[in-house]
Each structure stands twice: as structure tokens, then as C-alpha cells.
There are 2 protein chains.
Amino acid sequence: MKVAVIGTGITKFGELWDKSFYDLAEEAASHAILESKIEPGQIDAVFCANMLSGNLTGQNHLGAQVTSILKIHCPAYTIEAACASGGVATNLAYLSILSGKAKNVLVIGVEKMTDFTNAEVASGLMGAASEDERQAGLTFPGLYALMANAHMQKFKTTRRDLANVAVKNHYHGSLNENAQFQNRITIEKVLESPPVATPLTLFDCSPMSDGAAAIILSAVENTNNSPQITASAVATDTVGLAKRKSITEILATKIAAQNAYKQAGITPADINVAEVHDCFTIAEIIAMEDLGFCPKGRGGKYISNGSTKLGGSKPINTSGGLKACGHPVGATGIKQIIEITKQLKGEAEKRQVKSAKIGLAHNIGGSGATAAVHILQI
Amino acid sequence: MKVAVIGTGITKFGELWDKSFYDLAEEAASHAILESKIEPGQIDAVFCANMLSGNLTGQNHLGAQVTSILKIHCPAYTIEAACASGGVATNLAYLSILSGKAKNVLVIGVEKMTDFTNAEVASGLMGAASEDERQAGLTFPGLYALMANAHMQKFKTTRRDLANVAVKNHYHGSLNENAQFQNRITIEKVLESPPVATPLTLFDCSPMSDGAAAIILSAVENTNNSPQITASAVATDTVGLAKRKSITEILATKIAAQNAYKQAGITPADINVAEVHDCFTIAEIIAMEDLGFCPKGRGGKYISNGSTKLGGSKPINTSGGLKACGHPVGATGIKQIIEITKQLKGEAEKRQVKSAKIGLAHNIGGSGATAAVHILQI
């Protein structure tokens, strides 16, 4: 038995003020169901990933809201793991199929963020951090700025290395019609953008976004040109940065990645294409190292030398990443699986990676307290 | 391979103003781990059930908060399904063991409600309802009052039948030293208590509570006097009452129960003891019918005639139920599993049901959009 991605559905990511949570959920779910060629009644379980609905609108119980929309009565679960909600929900959906109790499951991530003020959303997002970080007045740009400064000091990573992540991901976003930002930018544009938390400036940061993404996972004997999930791993670390041995790595990513490579029986070198969690530019640099794509401390140079740009040896974040495609929190981890699915099926259009056979999706919650890593193969 | 409950831990339920979310989580988890005789490092996954932390305090990412406390790095999941969060988390934990990817899992439910005003918590709880119900200004007592009125009209259920549920559950609570309310009450006390949503008065309603409950589930060959989970089922229905065919039954309960009885290969008559979701007295009456313990429409009489009191043919809510033991939302479904575990192991002390071999736990989210049913056997 194999677990395959047999259907995908995604909305445009961006400021979608004319669409409700339910509109977005329905749009993504309907498309995934249609593409999978199953009927809603054949869905055995729904996993709904969301972080902020309770905090911002007071609406909970979202899993049942989705089964309500689809007029089905199967089990429904609402899964939250901060910005890793989508990846973690995918992991649980995968386990539910392995359990033998479900054949077809819908995994859907939805987030509505832009109906609220930046202050409201920024405060909501701090729900991913530790209580002492919240009480100290830290923000997520601040937390990642601490990591960036430490990385720059220890490994000679430069401000331009950080900026290059944003330039590359905006370039990829320009090739993705669902991306929130489809404009290319220059390194100067990043360097000259307003400071957010030094060294991070505006263009080092992923935006606030609305959007939904859905996949149908299915237990199959024959994958029929659908990518198979060959590894699904989640790991955790302390929620607060202060308690970690090192802040120039994300231990949860390293544990999840090692576990995932072992499950799939492959090495980092085998990965042809990956979506990684670039909530801030420094996060993508650290991810390159933690995922084993380059030696420790070399993430900045690895990206700056073009290896991870379309056409390079290991294209990263062809969707545009969180940075340019947008970051509707609960949807992000599922969007990553969809991008890898499209790449492996040769359906990534202008951003297609040639002969991609093995892809990886890497989703982070908070400043790295949760990491989810999936490997897909075709 | 069997899935057994090898450890349990529960805090007192009540107004615990001197204990934080983390204090409660640590207390329940530590006890469950100690009782299970495993080390924290042997835990393969953590499932954390909570509904209101994001809404009330802005704190999310609770699964990783728990692994942080325990200083472990395993996968951690935060599960929300309104008041069914605990039952639903138990279901997912069970599936994760069946998947073969986990041997020992910690399921923990925690809720802090009494640090907030009743208005804040009541508003938070409406996150379990549908958007139109929220906009119409309905409250949960109001929703269950609609069901109560319909049931009274259709089946001649009386105001005294409702009150008898509260009297019985307070009696059971008086035998449980962890219960929020350990005082016995009379039927007059219920009838004379202030109206909340007619016909429901104050003593028809479960309280707001703080508390935590934790269990360790484990894949075992030999259960060694630990109860085995022989069925775990979740079902859903429309979130809003208005869209249901009937409001004198909870369809999700019926579907989950039928599925559970089938999994365990038993009938309702085989159940010796059950914990059911009595958020309001009418809910326990409807549960008796939906779970097949008595014919449709006879739930009120079934309770009023003493069948479900300790010493009766099928004792229900020996813990005191949500009504008297308290209802710290995320913890409730797990407390139910703990009560059944204690009953089956013969460790329920003053409230022990003689020769209990098969028990059932029934947990509802919202006004019945989610239902989780577990069957345990020894």
C-alpha cells in the first residue's frame, strides 16, 4: 500500500477581502476533490489546518465547518501547530491512512489574516511563541533577527546573502500566477526597504495573506502518475529560543529531516526540488543547512551562488515560498505539498524543474518549536 | 497488537486560580507517565487537546509547549474540536498507534477558563457554533434549550426528568474527590435555581472549570490488567442546528456509536458503565437514546427511574459528568477515558461499578457537530 497525492486545490494567495473563510475552504476543497475523481462521500476523514481563526475571529471547530460545507459526516479534525499547522495536519492525515482506518482523506489549510490590522495579526502570531517571549515584547521578526545576527556573526553570512533569498523567491513568485507577489525585485530594493528588526528589512519578511490549499491523500496500490509520500516526519524543540543550545540551527528540522531521509531511504543529495519555510530570509538559509543541502554555515553562500534558483542544482521555493507566494499560515504547509506535487507531475509550467523525481517540503512552527518534513516521489 | 491505557493522570477540576496552564499540564502528564512506568523519552507523540487558549489568552502551539515541559523532541499535535477536543485527540492518538509509527503516546487535555469573566468564556465557547448562530446572538444554553423544548414537546420529557440528571450527577460527584462540585442537590434545588435559557436553569448547566487530564496509550501484546481500547470512532454533522433534520437527536453521536459498536463487536446492552457528554441535562437524556441505551424518546424516564445511577443497571457519569465533575473543555474527553479506565480496573473507590468489564466514553463538540465514542474493555 502506498499513500499518494491524488488531488490538489489551491486559491490565489493574497489580500482576498471579497472571500470568506468558507469561500476559500470550499474553493480549495472542491478543486482537490474534483481533481482526485472521488466523490465527497468517499472521503473518510478531514484534517483542517488553521492557526488564527480562534484568536482573530473567535471561530473554532473548523473541521466540522468543512464537513458541513461538503455535506458529509466523516471524522473531522482541526490541527494547529502555529505556522507548521499544514505540515503537521498532512502528517496526521498520512498516519490515519497508515492506520488502515481511512482510504481517502482531505487535508485542507485555510487562513484569513488581512481582514485585521497588522497589530492584531502580529499579536495573534505571537501565540506561536513562548510565554516569556510574549511577555518580553518580542515579535517574530525580532526572534528571527536574533537568529540572523548570530548566524552573521558566527558564519560570516552577509546582509546580501539574506537579501538574495528574497530576490530569488520573488523571481520564482513572478512565475506563479497564484502568488501574492508576482513582481521581481533587486538586491538593492531589499537592502533599501524599511528596517523591521535589524538586520531584517521589509523585504526579508513574508507577508500576511489570505488563502486556502487542499490535497486528497489516498491509499493506493498503483500510484498512476500521482506522487507518493515516502516520508512524513514531525519533531519538536523548546518553544522559547532562550532554552536552546544553539540559535543558528533549528534542531526540530534536523531531527525531522533525519527521520524523513531514513524513512525514504535517501540522502539530501537525492532531492531534486524543495519547498522550505522562509518566513524570513534567514530561515531559508538555516533550512539549507539543517536539511543537509549544504554544510553548516554555508547556507547564505549556497543561495547567493545561484544553486537554489530555478535552473540551479537544487531549486528551492519554486512557488515563491512564503516570501513571495504568501503565507496564509494554515495553508502554507499544504501549498508546499501541492507545489512539490506539481513539480513531480511536470505540471509546474513556467517554473518547472526538469526531471524532478524526488521533492521535499519543510514547514516550521514558531521560531522552530515544530518542524514537519515530507518527501514525495514519483 | 492491542492499544491499552497504561497510565492516567488528572488534576482536581474547579477554580484553580493558583495554577497556570503549564502547572496543570505538568501535573497531569507527570502522573500519567509515572503510572505508565515509561520514561518521557519513550513517548513517541504528544496529542494536546484544548479549545480556548488561543481565543482567551492568545497562546497557541500548545503541543510543543507540552514537549518543552517534558524536555522531549517527539511530534506534538494540538487538536481542537470544541468540547470534543479530548475525545477527538484520543481518536487520533489511537490511529497514530495503529499506523505503526508510534508505540507510546501521551494524550493530554488542558483548559484554563476561570481566570476570565463569564462573558469572555461564553463568547469563546460560541466559537464551537456556526457563524449564523453566533451572529444571531445564540448561546450554548440557548441552543440546548431549543433541543430541550423540542424533546419535551415531542416525547413528553418533563422538567423533572431534566432535573433528575443533575441530581444524579451531583450525587456521583459527591463520591469523586477530583470533582468541582461534591455537594449533593435535590430536585427542588434544580427547579428553583435561576433560569438560564428556559427550560434550563442554573443547575441544568455544566460549570466553567480549570483542569487537566492525561493518558498514556500504548501498543501492547499483553494488556496486563490495563483496559484496551476496542473501538474509537468520530463523526460529524452540520455545525448549525437549523440545518439538521432533527434537533431531538445528535446524528453525529448515532453514527459514531454505530461505528464503535461494530468495531468492538458488541451491542449497547453490553456496556456496563459509561461517561456521556452532559454539558446540559438535556444532552445526557438525548445521549441515552442516541447511544442505544434506551428507546428513542425514553431518555428522560430511563434516567428518572434510576437505571443510570450508581447501583442501577447502567451507571452513567460516575465521575459526576461535566455537570458536577466540571468541564475544563479540552480535558473533558480525556477525563471520561480516565474514569472508565478506573472503573474497569476496579479503582473507582466509592463510586465503583461492580464487575464493570466494558465501558464507553461519549464526547460532544458544540451542539453536536462532532461526536467521539470510545469503547474500553478489560
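## Two domains and a two-chain contact

Chain A splits into domain 1 (2-117 + 211-220) and domain 2 (137-207 + 226-377). The model is predicted. Chain A has an average pLDDT of 97, and 100% of its residues score at least 70. For the model, ipTM is 0.98 and pTM is 0.98.

**Between the domains**

How far apart are the C-alpha centres of domain 1 and domain 2 of chain A? They lie 23 Å apart. The domains also touch: 36 residues of domain 1 of chain A are in contact with 33 residues of domain 2 of chain A. On the domain 1 side, β1 (2-10), α4 (85-98), β4 (104-111) and β7 (211-220) of chain A each give at least two residues.

**Between the chains**

Chain A puts 49 residues in contact with 49 residues of chain B. Several elements of chain A each supply at least two residues to the side that touches chain B, including α2 (53-57), α3 (62-70), β3 (76-80) and α5 (118-125). The largest share comes from α4(A), with 6 residues.

The table sets out the classes of residue on two touching sides.

| Side | Nonpolar | Polar | Charged |
|---|---|---|---|
| Domain 1 of chain A, touching domain 2 of chain A | 23 residues | 10 residues | 3 residues |
| Chain A, touching chain B | 21 residues | 24 residues | 4 residues |

**The core**

The largest nonpolar core holds 278 residues. Which residues have the most contacts inside it? They are Phe47(A), Ile108(A), Phe47(B) and Ile108(B). Take Ile108(A). Leaving out residues up to four places away in sequence, Ile108(A) touches Ala25(A), Ala28(A), Ala29(A), Val46(A), Cys48(A), Val66(A), Ala212(A), Ala214(A) and Ile334(A).

**Helix α10**

Helix α10 of chain A covers residues 251-264. Why should the helix span 20 Å? It has 14 residues, and the expected span is 1.5 Å times one less than that number. The end C-alpha atoms of α10 are 20 Å apart, so the model agrees with the expected span.

Helix α10 of chain A also supplies at least two residues to the side that touches chain B. Its buried residues include Lys254(A), Ile255(A) and Tyr261(A). Thr253(A) is buried too, as are Ala252(A), Ala256(A), Ala257(A), Ala260(A) and Ala264(A). What covers the buried residues of α10(A)? Among the covering elements are β8 (228-236), α11 (281-290), β10 (358-365) and β11 (370-377) of chain A. After α10(A) comes Gly265(A), with a positive phi near 70°.

Terms used. Residues are numbered from 1 along each chain as its sequence is written. Chains are lettered from A and ligands numbered from 1 in the order in which they are written. This is a predicted model: local features need pLDDT of at least 70, side-chain atom pairs count only at pLDDT 80 or more; totals for chains, interfaces and linings use all residues. Domain bounds come from an automatic or database domain assignment. Two residues are in contact if their C-beta atoms, placed from the backbone, lie within 7 Å. Helices (H or I, at least four residues) and strands (E, at least two) are DSSP runs, numbered from the N terminus. Ala, Val, Leu, Ile, Met, Phe, Trp, Tyr, Cys and Pro count as nonpolar, Asp, Glu, Lys and Arg as charged, and the others, Gly among them, as polar. A nonpolar core is a set of buried Ala, Val, Leu, Ile, Met, Phe, Trp, Tyr and Cys residues joined through C-beta atoms within 7 Å. A residue is buried if 20 or more other C-beta atoms lie within 10 Å of its own, exposed if 12 or fewer, and partly exposed in between; C-beta atoms are placed from the backbone. pLDDT is the predictor's confidence in each residue, from 0 to 100.
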